[in-house]
Amino acid sequence: MDRSRVNIAVGMFVILGIVALAYLSIQLGQVSFLGGRGYAVTVDFPSVGGLKAGSAVEIAGVEIGRVESIGLADYQARVTLRVHSGIKLQEDVIASIKTKGLIGEKYIRISPGGSEKIIQPNGRIREVEAPVDFEELLSKYIFGKV
Amino acid sequence: MFAHALVLAAALLLVAPGPGKVWAGAPTDQLRSQINRTIQILDDPELKKPGKSKDRRAAVRQVANDIFDFGETAKRSLARHWAARSQAERDEFVQLFADLLERSYISKIELYGGEKIRFVGEATDPDGAIVKTRLITKAETEIPIDYRMHLRGDKWLVYDVLIEGVSLISNYRTQFNKIITTSSYQELVKKMKSKQEEFIQEEKRTSQR
């Protein structure tokens, strides 16, 4: 009798532990269920160099969404963003891939535009700036001069 | 059967005329003809003579006016501050912005020394086109320069230039936004006017020498 009560208590603790672990991994991994909140917008970049699913999307340094997925379309990188539903993006916004600090992680910076047209859910950001590849630039200006 | 239908659909898509008299390759062709015009002007021995630099620059600016949509570039650079401007302010700003671009870029064109331009591709969608080019320097270094264009009437006009992937509009948008939010729009206009004033004075001094 006593033994089975101990067993139940231990079982409860184990289950509690597993639930806590699941919660933690969901929170830390920033996994979104059911497609997540907000709306999706796609952007095509010539190269994403280091950007990953889950990277931040920012306006003026404030996070307004995250990168949901990155795929290949016509040999370009097609990035799907999930933007918080309260944020309106004008049709002429520019999406640039920037680096936090000198060697930090990559994120997408959106510079707001002035157009009256607003990008609809599942719409597309047309104006992009690819990340500047410093290695390529360096090699170009070091080895370029023959 | 299904494959046949697909092929037919694709063929129809290719043959079907686009909006108006637009056909694939038009942005590249129009851009190429204007770039060739510019190179002709720059290579013109008559305009290379000393004392002719003003005429030469005026001729280049003429071509720039034909291919660039300065109004759109100015609007996009001012971004959300554009909506608050009156029509008179907008016209003034477009003029100041065109002067700024001339000052920073057209005056540099004097340094042109036989660099070549290669057209490497074009992508068109209903809202505009992007024409990809490479500037090949004398040291054989390739610098990617992309032009974003849109259709106005029957002409393709450039509204943004990306050098090494860095956008001209994005650069000015950040700067203008910073000046307007930290001081005011009037301050920005004052700054642009005084810069232009300085440039004109400088020009006078060099031409007197």
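**Note on a predicted two-chain model**

1. In chain A, strand β3 (residues 62–73) and strand β4 (residues 76–83) run antiparallel to each other and are joined over 8 bridges. One of the residue pairs to look for is A:A73, whose bridge partner in β4(A) is A:Q76. Please keep in mind while reading that the model is predicted.

2. These two strands belong to a wider arrangement, an open sheet of 8 strands in chain A, and a reader who walks across that sheet meets them in the order β7-β1-β4-β3-β2-β6-β5-β8, with pairing that is mixed. At the edges stand β7 (123–125) and β8 (127–129) of chain A, and because each has a single partner strand, one side of each is left without a neighbour in the sheet. From one strand to the next, the twist averages 35°.

3. Chain B has a secondary structure made up of 8 helices and 5 strands, and when it is read along the sequence these elements follow the pattern α-α-α-α-α-α-β-β-β-β-β-α-α. Chain B contains 209 residues, of which 19% count as buried. If one takes the contacts in chain B with a separation of 6 or more, 47% of them are accounted for by residues 24 or more positions apart.

4. Within chain B, a helix pair deserves a careful look: helix α5 (residues 70–78) and helix α7 (residues 168–182) of chain B pack with their axes 7 Å apart and at an angle of about 50°. Why are they described as oblique? An angle from 35 to 65 degrees is neither roughly parallel nor roughly perpendicular, and α5(B) and α7(B) are therefore oblique to each other. The crossing in which α5(B) passes α7(B) is right-handed.

5. Which residues bring these helices together? On the α5(B) side they are B:T73, B:R76, B:S77 and B:L78, and these meet B:I169, B:Y172, B:R173 and B:F176 in α7(B). Sorted by character, the residues of this contact of α5(B) with α7(B) comprise 4 nonpolar, 2 polar and 2 charged.

6. Finally, the two chains touch, with 16 residues of chain A in contact with 19 residues of chain B. On the side of chain A that touches chain B, β5 (94–99) and α2 (134–143) of chain A each supply at least two residues. When the residues of that side of chain A are divided by character, 6 are nonpolar, 5 are polar and 5 are charged.

Definitions and conventions: Residues numbered from 1 in each chain as written. Chains lettered and ligands numbered in written order. Predicted model: local features only at pLDDT ≥ 70, side-chain atom pairs only at ≥ 80, totals over all residues. Contact = placed C-beta atoms within 7 Å. Helix = DSSP H or I, 4+ residues; strand = E, 2+ residues; numbered from the N terminus. Nonpolar A, V, L, I, M, F, W, Y, C, P; charged D, E, K, R; others polar. Axes fitted to C-alpha atoms, helices over the stretch in contact; angles between N-to-C directions. Parallel < 35°, antiparallel > 145°, perpendicular 65-115°, else oblique. Left-handed = near helix turned anticlockwise from the far one by under 90°. Buried ≥ 20, exposed ≤ 12 C-beta atoms within 10 Å, placed from the backbone. Pairing = 2+ DSSP bridges.
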